Structure formats: C-alpha cells, structure tokens
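Grab a coffee and work through a few exercises with the structure open beside you. Try each task before you read its solution.

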Amino acid sequence: MRCICEVQRTRAAWFGDMEAASINNLCILYQSTNFLVVNKHWDIRIDSKMWYEKLTVQSQLKYRFPELADPDTYYGFRFCHQLDFSTSGALCIALNKMAAAKAYRCFRDRLVTKVYLALVRGHVSVNRMMMDHAIGKNTTEGMTHMMCTEETQGCQNPKPSQTVMTVLARGFYSGDPVTKVLLQPITGRTHQLRVHCRAVGHPIVGDFTYSLKTDSSPYRMMLHAHQLRIPMDEELIDVTTADPFTHLVDSNLELGLCVNSLHDIIKGLKGKCVIEQCDKNNILGVQAEKIQVEKTSEETKEEREKCLQWLNEWTMS
C-alpha cells in the first residue's frame, strides 16, 4: 500500500489552488489492494444517475483507474461514506465487497474518526462548544431539500445530533469577520455540520443552501473533510489532508493569532484513538470467547442483514 499525504502538503498539489474540478485532477491520498482514499473536490457529486451530470467522483475514478471498476456494482465503485456536493476532502472507496463490509462495520460501530475544517461567518465568542441540536427533515414548502433543527416549524422526525466545534483562529474573509473552526461530528445526520453551524448563528461561509441563497460570493462552500481514520483489524486507514483554508491558498483570507493548534488537536486525537484501540484489543483478548459467542448470534440475525442491505445499494439488481 502507499500513502501520498506528503505530496498533498505542497501548494501545487492543492487542486491547482482554486481551480474547478475536471476529469483528470483527482488527487489520491491513500491506495492499497482494498481501498482508495481521494481528496474530493468541492462542487462535484460522488455519483449521479442523471445523464447530464458527466463529471462526478465516480467518472474521475473510472478515468484514472478503469481496471479497478467493478462491473457488479451500479456505479463501478463502492463509496464507504458520503460527502455533500459542496464539501471537499477525504473520501474512502472500497475496491471489493469484502473490504466494503469491513469498512461498514467500523462506521456502524462508531469506530471511525472524522474531522472537518470550516470557515464560519462572524467571530465565535467561545473557543470550544458542543452543538447539541436534534436534526430532522424540513417539510416547509420550498425547503424540502433541507434539514433543520427540531425547534423549526415543520421539522419532521428530529433525531439527536451532536457536533463539537473548536476555534482555531479568528479573522476576515474579503473584509468580513470569519472564524476558522475544527468540527467533530459525534453523530452522522444529513447536513449535520451545516445545520448546526447555522443553528448557533455562525453559518458556513459560502453555504448557498443554508444561507437561503444569500451567501453566493465565495468561490466555494468552506467545509472540508480534513482527517479520516478507519481502524479495521487487517488495515488501518489514517489520512490527513492539506489545509485549504489558509492565506497561501486563498488570499482573501486573513487570519489572526492561532487560538488552538490544528496540528496539536490532530495529534491528540490520533493518540486517543491508539489508546482506545489498545483498550479494545485488551478487552477482546481477555473476553474473546464470550464476545465471539454474543457477536456471532447478533451478526447472523440482525447486523449482517443490515450490512448486506447497505452493500446491495451499490450493486445492480
């Protein structure tokens, strides 16, 4: 396997700085026999059944790796998770059905670590906060493509949702006050980060949808999947991308003094993950027989069916 993170740290590797997506500018962060991790561009769909949407991550993958496309799947590739059209960053692709099943179990058991970077409007007054707002579907006419918090009129089936926001720096974007933040989703609801940031009065810069079509001046929505860690027994995927929200990449951004170090936070999260994984392995070593008996029964009757259902979404019927 090979990890190409170091290449990502150069300015030239960052999507040609601010260039739009194209069929041949797919950036590979990690590659092994079973997985690919790409640095998804902003404003590009992962896949699409619409004939007129010819540029997707799926089409980029087929162009770059035609030999890896699986004819038994609808799109040719099994995406392990989702990123919004407007969101950039680390996106994992399983290259076979068994690998997809292993990744699925990590997501199901909440073992995956995902960390996002964002620029939000205004200067966030506190350096760290837990955003705890249940999120449901917006049933208001003209907004049915959006999600909303439970206190919103017309909110349908709200579910508990939590995100931790940590301030990295405060500054200005094109003269307007902004805050650079690190976002750690505890749950995984649709549009969770965008809805939570808006709910606390600091919408993400360039979020055209959740600004009700008013924030249209930036060249992109400033939300990026910065780190992805999937700890499978046979293979550890641990990828950190370059930081797109710097003055070097975008001269419109002027940040003040660092409030919290991004490097130190990521280092701390990785250390925490290693400790938790060791604790898990110790528990498995001591109670292996008991856990195996309990898990086998549950997997056979319930969890395996969910896994197969999830995998079949990517398979032609």
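Below are three exercises on a predicted model, each with a worked solution.

**Exercise 1. Work out which strands stand at the edges of the sheet that holds S8, S9 and S10.**

Start with the order: this open sheet of 3 strands runs S9-S8-S10, with antiparallel pairing. Strand S9 (147-149) and strand S10 (155-159) each have a single partner strand, so they are the edges, and one side of each has no neighbour in the sheet. As for the twist, neighbouring strands are turned by 35° against each other on average, ignoring direction. Now zoom in on one pair: S8 (residues 135-138) and S10 are joined antiparallel over 3 bridges. In one of these strands, S10, Cys 155 is the bridge partner of Asn 138.

**Exercise 2. Find helix H4 and decide: is it largely enclosed or not enclosed?**

First, place it: H4 (residues 192-199) lies across S8 and S9, at about 40° to S9. Next, go through the buried residues, which are Gln 192, Leu 193, Arg 194, Val 195, His 196 and Cys 197. That makes 6 of 8 residues buried, so H4 is largely enclosed by the rest of the structure. After the helix comes Gly 201, with a positive phi near 85°.

**Exercise 3. Which residues line the largest cavity?**

A search of the whole structure turns up 1 cavity of 30 Å³ or more, and the largest cavity holds about 30 Å³ of space. Its lining is His 81, Ala 90, Lys 114, Val 115, Tyr 116, Ala 225, Gln 227 and Leu 228. Strands S6 (113-121) and S13 (223-231) each supply at least two of the lining residues. Sorted by class, the lining has 5 nonpolar, 2 polar and 1 charged residues.

Conventions. Residues are numbered from 1 along each chain as its sequence is written. This is a predicted model: local features need pLDDT of at least 70, side-chain atom pairs count only at pLDDT 80 or more; totals for chains, interfaces and linings use all residues. Side-chain values use heavy atoms; hydrogens and water are left out. Two strands pair if DSSP finds at least two bridges between them. Helices (H or I, at least four residues) and strands (E, at least two) are DSSP runs, numbered from the N terminus. Axes are lines fitted to C-alpha atoms, for helices over the stretch in contact, and angles run from 0 to 180 degrees between N-to-C directions. Contact means heavy atoms within 4.5 Å. Buried means under 20% relative accessible area, exposed over 50%, partly exposed in between (1.4 Å probe, protein chains only). On a 1 Å grid over the protein atoms alone, a cavity is a set of points where a 1.4 Å probe fits but cannot get out, and a pocket is an open set with protein on both sides within 12 Å along at least five of seven lines; lining residues have an atom within 4 Å of a point. Grid points are joined across faces, edges and corners, and a volume is the space filled by probe spheres set on the points. Ala, Val, Leu, Ile, Met, Phe, Trp, Tyr, Cys and Pro count as nonpolar, Asp, Glu, Lys and Arg as charged, and the others, Gly among them, as polar.
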